[in-house]
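Biologist: Could you take me slowly through the sheets of this protein, and through the helices that lie across them?

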Amino acid sequence: MTSTRPSIRPRARGDSPAPVLPDVDDAWLQSLDVAALRQALMARVAEAVALCRDYHPGLPEPKVWCDLRGKGAGQAHFGRGGLRFNGQLLEENRHAFFTEVVPHEVAHWLVWHLEDGPTFRPHGREWQTVMLRLFGLAPRVTHRFDTARSSPVPYRYRCACREHGFSARRHANAQAGQEYRCRHCRGRLCLVGKKC
């Protein structure tokens with residue numbers, strides 16, 4: 001990936017936001033093995049942080065991990081001092097990760113390190129401004145990735161109207177006495193094969 005200083009093109013009235021980070025060649029991304037993909041992800045994070053440093057020179061470099069699991073694509077983890085990404089979703093949604101998820105998380109990193117950052121809402125006005133004005137992206141809070149493989153739900157529960165998949169954590173909570181109800185029929189959810 002060539003890492004040149006991105007140029008911010010002025011937008012005409014009515015234009016949709018254009019990314020200010022250089023676009024990434026999709027064919028190149030698809031050709032990468034897992035190790036090379038993760039190295040490219042770290043380079044992309046460094047590129048986005050460098051863009052942020054034009055506005056906040058003291059912004060620290062975040063550590064980068066690909067240890068996030070479940071339905072989330074990324075997470076700014078201030079306690080650990082870095083950004084976490086979902087490796088499974090990265091492999092399955094490479095281009096979207098480089099163009100949307102990395103800027104999303106780096107915007108959180110920047111906003112948190114502003115003077116009043118810890119008091120700002122996570123997806124509040126400040127974060128939205130960074131997404132729009134710095135990265136040229138619509139400030140979307142959630143992704144639309146298929147999370148079936150990254151967030152397996154191996155435990156089957158049943159109500160009066162359908163079957164539900166539970167993660168290991170939710171199953172453990174149910175076994176410890178937490179009661180769950182269906183949002184549609186309001187019936188109690190019970191482990192398939194076990195009497196409620």
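Modeller: Before we begin, an angle between two elements runs from 0 to 180 degrees and is taken between their N-to-C directions, with axes fitted to C-alpha atoms. Please keep in mind as well that this is a predicted model.

Biologist: At about how many degrees to S4 does helix H6 run?

Modeller: Helix H6 is made of residues 168-175, and it lies across the strands S4, S5 and S6. Those three strands form an open sheet with antiparallel pairing, in the order S5-S4-S6. Against S4, helix H6 runs at about 55 degrees.

Biologist: Why is one side of S5 and of S6 left without a neighbour in the sheet?

Modeller: Strand S5 covers 163-166 and strand S6 covers 190-191, and both stand at the edges of the sheet. One side of each is left without a neighbour because each has a single partner strand.

Biologist: Which residue in S5 stands opposite tyrosine 157?

Modeller: Strand S4, residues 155-158, pairs with S5 in the antiparallel sense over four bridges. Opposite tyrosine 157, in S5, stands histidine 164.

Biologist: In the sheet with the order S1-S3-S2, which residue of S3 is the bridge partner of histidine 77?

Modeller: This open sheet has three strands and mixed pairing. S2 and strand S3, residues 82-85, run antiparallel and are joined by four bridges. In S3, the bridge partner of histidine 77 is glycine 82.

Biologist: At about how many degrees to S3 does helix H4 run?

Modeller: Helix H4, with residues 94-112, lies across S2 and S3. Relative to S3, helix H4 runs at about 145 degrees.

How values were computed
Residues numbered from 1 in each chain as written. Predicted model: local features only at pLDDT ≥ 70, side-chain atom pairs only at ≥ 80, totals over all residues. Heavy atoms only, no water. Pairing = 2+ DSSP bridges. Helix = DSSP H or I, 4+ residues; strand = E, 2+ residues; numbered from the N terminus. Contact = heavy atoms within 4.5 Å.
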